[in-house]
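Thank you all for coming; I would like to walk you through one structure this morning, taking a few regions in turn. Please have a look at it first, and then we can go through it together.

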Amino acid sequence: MSKADKIILAGDLGTTSTKVLAVSQQGQVLGSHSIGYPLYTPKPGYAEQDPDEILEAFQTAAAAVIRQGGWQAEDILCVTFSSANHSLIVLDENGKPLTPSITWADQRSAPQVKRLVESGEGITIYSRTGTPIHPMSPLVKMMWLKEEQPEIFAAGKQFIGIKEYVFYKLFGTAVMDYSIASATGMFNLEKLAWDEEVVAMLGISLDQLPPLAPSTGILTGLNIDAAIRMGLSENTPFVLGAQDGVLANLGIGAIEDGVAAVTIGTSSAVRTCVSKPQFDIDGRLFCYALTEGHWLIGGPSNNGAIAAQWTAERLFPGKPMEEVLPLAAEIPAGSDGLLFLPLLSGERAPFWDAEAKGVMFGLTLAHNEKHMLRAAMEGVMFQIAAICSLMKEKGTELQQIRASGGFARSPIWCQMMADILGVPVQIPEVVESSGLGAAQLGLFAMNNCEGPLYRWDSEQGGAVYEPDQNNHTKYEQLLPIYLNIYSSLKTSMGEITAWQHAQSAQGM
């Protein structure tokens, strides 16, 4: 097989599963294999994974893809990675995990977040690191560990994430790419190095954090046992890769000015590309690295399709979502004045409030279950619109949305997004956006970072939803009311959270 015909393996380490794609250098997905694993929630606020289950899933999936395709080790150009953000694993001096992988969804560090925010120290840290202060961040996870499990913190030889754990097991080094590092809350975006002030605040040394490298960095010297098991060579290049969010943008070509990627699955996110780091004065937007000259700003929401699913399951029990969602089309835009804040899992952007709660507002005797369903769907989109408004404040005028995730299969939701945002929404014919982004990044790295970063015109042939201007006018009127509901109830949300926690503690 000539070099031009060699295959790229793209591993996508996700929250609920790991998938490995085999991708040609022309962008065709030639094979894939996915393996799921549980998210452990043993107590309220906990959200953990077994790092060895994820390592096992990657190796098994990679071996399966290679075997199914009938490829040999010499047919593989490189292996590259996409990975979920914000995980934390503590290793002891022998490289043994002292903790599970604490995921982005873990909420235990909420008190540390509150302290950083109220003291003003949080916004100062954000202004150097670009990571909003929230329980998702490894920084505050480490603060929690130091205060609540000091014996584990003190025994920690190294603090890493899940992708670094995979590298450690396969290569003996836990190197972290700039993209993953830029989501830790400990990485100085201007210096491209660990932030010394944050490290000093944590009371650790720099060598307790992973060595850093660009996302295009390459590892060789694969563990021989792992190489044999996966059907690879010890010399197969492994490109470090990046976080799944920024690679989703790359996968669908949303790295142009004025184009944003919106991904809505269980949670959701909005991201657009800028040429250098940008910060929001109030710390409401993230800024994450992709490559030199490509940075992503945006915001994630905890409450994506899960909010609509929760509503549908309770209002229309036993009916599948594909039957329920069309019912929302029977209700006019704006749900006749019914607004639903779908903050069922706390919230990240735009509020960054772990104590946020769901609210149904404007309910009258004239409303029915279809109104409630549509209001829930509109609420998810209002969260997206609020994030886009913040990006506009930073000078990013969005002209097009490229959408992916499970919701993109619903014409009702796609039209709703176009109407609320007031810009065309395109659905690229790309299912594996993060995996394809990782494959493109891997090919870019193997070409010595020369030539185009975005190579495959994956937008062709996708559906386009144009905004209905009458509906957009309605939504423009409703969005400020929607946002004011949260502002007015923020204190009460904190009070009811404290009451709920107290009741839970009494029941334990």
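Let me begin with helix 14, residues 411–421, where nine of the eleven residues are buried, so that the helix is largely enclosed by the rest of the structure. I should say at once that this is a predicted model, and what follows should be heard in that light. The buried residues of helix 14 are Ile412, Trp413, Cys414, Met416, Met417, Ala418, Asp419, Ile420 and Leu421, and you will notice that Asp419 is listed among them. After the helix comes Gly422, which has a positive phi, near 75 degrees.

One of those helix residues, Met417, takes us to the next region, since Met417 is among the residues touched by Val262. Val262 sits in strand 16, which covers residues 259–264, and Val262 is buried, with a relative accessible area of 0%. What does Val262 touch, if we leave out residues up to four places away in sequence? The contacts are Ala269, Val270, Ile384, Ile401, Arg402, Ala403, Ser404, Phe407 and Met417. As a separate distance, the C-alpha atoms of Val262 and Val431 are 13 Å apart, while 169 residues separate the two along the chain.

Now to the cysteines, which some of you may wish to ask about. A search of the whole structure finds zero disulfides. Cys273, for example, is in no disulfide, and the nearest cysteine sulfur, that of Cys287, is 9.9 Å away. Why is there no bond between Cys287 and Cys273? Their sulfurs are 9.9 Å apart, which is too far for a bond, given that a disulfide here requires sulfur atoms within 2.5 Å. Both cysteines count as buried, Cys273 because its relative accessibility is 6% and Cys287 because its relative accessibility is 0%, the cut-off for buried being under 20%.

Finally, let us turn to strand 1, residues 7–13, in which seven of seven residues are buried. In a regular strand the side chains alternate between the two faces of the sheet. Here both faces are covered, with Ile7, Leu9, Gly11 and Leu13 buried on one side and Ile8, Ala10 and Asp12 buried on the other. As for its neighbours, strand 1 pairs with strand 5, residues 76–83, in the parallel sense over seven bridges, and Leu13 stands opposite Ser83 there. Strand 1 also runs antiparallel to strand 2, residues 17–23, through six bridges, with Asp12 partnered by Lys19, and these two strands form a hairpin with three residues between them.

How values were computed
Residues are numbered from 1 along each chain as its sequence is written. This is a predicted model: local features need pLDDT of at least 70, side-chain atom pairs count only at pLDDT 80 or more; totals for chains, interfaces and linings use all residues. Side-chain values use heavy atoms; hydrogens and water are left out. Helices (H or I, at least four residues) and strands (E, at least two) are DSSP runs, numbered from the N terminus. Buried means under 20% relative accessible area, exposed over 50%, partly exposed in between (1.4 Å probe, protein chains only). Contact means heavy atoms within 4.5 Å. Two strands pair if DSSP finds at least two bridges between them.
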